[in-house]
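Visitor: Mind walking me through this one? I'd like to hear the reasoning as well as the results.

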Amino acid sequence: MIVGKLAGRVRAVGPLTLSAVATTVVLVAGTTLAAALDATRVAVCLLALLVALAVAGVLRVNLRLLGMRADRREIRDLRVVLDQTQRRVVSAVERQRLDTEDRHRELADAVARVQRIADRGVRDLRFAVPREVEATVQLFQGFTPRAPMPSSGDYALNPTDLLELLFLVRSRQPRLVLELGSGTSTIWLAYALEQIGGRLISLDHDPSYANRTRSALREHGLTGVAEVRDAPLAPVELDGRTYSWYDPAVLEDLDGIDFLLVDGPPAAVGPDSRYPALPVTGPRLADRATIVFDDANRKDEQAALERWLATVDGLTRPGEMLGRHAVLLLDRAGSEPNGLASLNTVSS
Ligand SMILES: C[S@@+](CC[C@H](N)C(=O)[O-])C[C@H]1O[C@@H](n2cnc3c(N)ncnc32)[C@H](O)[C@@H]1O
């Protein structure tokens with residue numbers, strides 16, 4: 001056990017230190033012996049060796065101390081680098097966590113929005129389906145079409161709006177109807193006018209839709225009642241602003257229009273696309289006319305309605321909006337020279 005302990009200590013002290021101690025012991029013993037034997041020279045030599053060994057020991061200790069100081073500096077530098085790296089890693093993880101939270105919140109908001117829209121869609125559908133079915137049944141009770149009727153989906157007037165439109169035509173008995181934007185409504189209007197002896201002119205800016213409506217009119221044998229005119233979009237200037245609207249030249253031969261259906265041009269052609277309808281056709285309207293303005297629930301159309309009502313004498317909106325359309329009445333008989341005449345400043 002003692003031997004084991006000694007061996008452990010020897011390992012801890014190191015072989016170089018042990019041999020230095022052993023050499024020192026030998027040199028001290030040798031010096032002492034030489035001095036005792038009066039061998040002065042040998043004793044001085046051994047003493048010199050002893051001093052040299054001590055100096056070497058001191059130098060070695062100094063070197064080791066210097067090495068330890070350098071090691072400490074390196075350890076300090078390493079610790080600084082480690083701290084910086086740790087801080088960087090922590091802030092990167094935190095940033096990532098915040099980003100993930102933001103993404104998660106955005107996703108949850110989007111899901112909630114879609115859910116709200118879907119809920120509203122389902123609610124609207126629950127009311128719209130029976131309403132449109134009822135309107136469709138009533139529409140077909142008024143006519144027996146001579147060919148399959150085109151669909152009233154997509155861009156066309158809804159059955160509810162069509163039903164109200166045809167009711168207005170039957171009750172007002174117009175002689176000349178101008179429709180802005182042809183389609184399914186052209187066929188329904190033509191059937192209604194056939195019954196009461198009126199005439200329909202429908203404008204379309206798109207030749208392919210104009211042709212489609214013309215061929216439907218032919219299939220239904222309604223070409224004697226209704227005509228579709230190609231009316232390419234042209235720049236129309238009103239009160240210093242330029243709109244893209246049907247070329248007014250196609251209206252030149254029309255006078256006494258007593259029913260106007262505004263359902264074009266589509267919003268896609270530009271902002272306030274339907275505002276010019278009344279200012280441009282105004283001078284060609286009869287003194288008493290009915291105006292049906294579809295899509296009156298949209299922002300641009302509402303703005304146009306308000307501007308018309310504010311600027312055109314004799315123009316009123318007698319009722320609330322029905323379906324998606326608004327009904328306006330123009331009665332210039334007896335009213336002062338009105339806004340429509342003053343709006344006759346159209347150039348294209
Ligand atoms: C609102 S739509 C007119 C619809 C028509 N008054 C009706 O109720 O059937 C206005 C214009 O859009 C164009 N249009 C019609 N159907 C379309 C469709 N499915 N896609 C894109 N444009 C269409 C035609 O040029 C039409 O004159």
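Guide: Happy to. One term before we start: buried means under 20% relative accessible area, exposed means over 50%, and partly exposed lies in between. Keep in mind that this is a predicted model.

Visitor: F293 and W308: how is this pair of rings arranged, stacked or edge-to-face?
Guide: A pair of aromatic rings is described by the distance of the centres and the angle of the planes. For F293 and W308 the centres are 4.8 Å apart. Planes under 30 degrees apart count as stacked, and theirs sit at 25°, so this pair is stacked.

Visitor: Which elements hold those two residues, and how many residues lie between them along the chain?
Guide: F293 and W308 are both buried. F293 belongs to strand β7 (residues 285-293) and W308 to helix α8 (residues 299-311). The pair thus links distant parts of the chain, and the separation is 15 residues.

Visitor: What about W245 and Y246, what kind of aromatic pair do they form?
Guide: W245 is buried at 0% relative accessibility, and Y246 is buried at 1%. Their ring centres lie 5.2 Å from each other, with 75° between the planes. Planes over 60 degrees apart count as edge-to-face, so the W245 and Y246 pair is edge-to-face.

Visitor: Is R126 buried or exposed?
Guide: R126 is found in helix α3 (residues 40-142), and it joins R113, R116, R120 and R123 in a patch of positive charge on the surface. Its relative accessibility is 58%, so R126 counts as exposed.

Key. Residues numbered from 1 in each chain as written. Predicted model: local features only at pLDDT ≥ 70, side-chain atom pairs only at ≥ 80, totals over all residues. Heavy atoms only, no water. Patch = residues over 30% accessible without salt bridge, like charges linked within 9 Å, V, L, I, M, F, W, Y side chains within 5 Å. Areas by Shrake-Rupley, 256 points an atom, 1.4 Å probe, with all protein chains shown as cover. Salt bridge = Lys/Arg side-chain N within 4 Å of Asp/Glu carboxyl O. Lys, Arg positive; Asp, Glu negative; His and termini not counted. Charge placed at Lys NZ, Arg CZ, Asp CG, Glu CD. Helix = DSSP H or I, 4+ residues; strand = E, 2+ residues; numbered from the N terminus. Buried < 20%, exposed > 50% of the residue type's maximum accessible area, 1.4 Å probe, protein only. Phe/Tyr/Trp six-rings, centres within 6.5 Å; stacked < 30°, edge-to-face > 60°.
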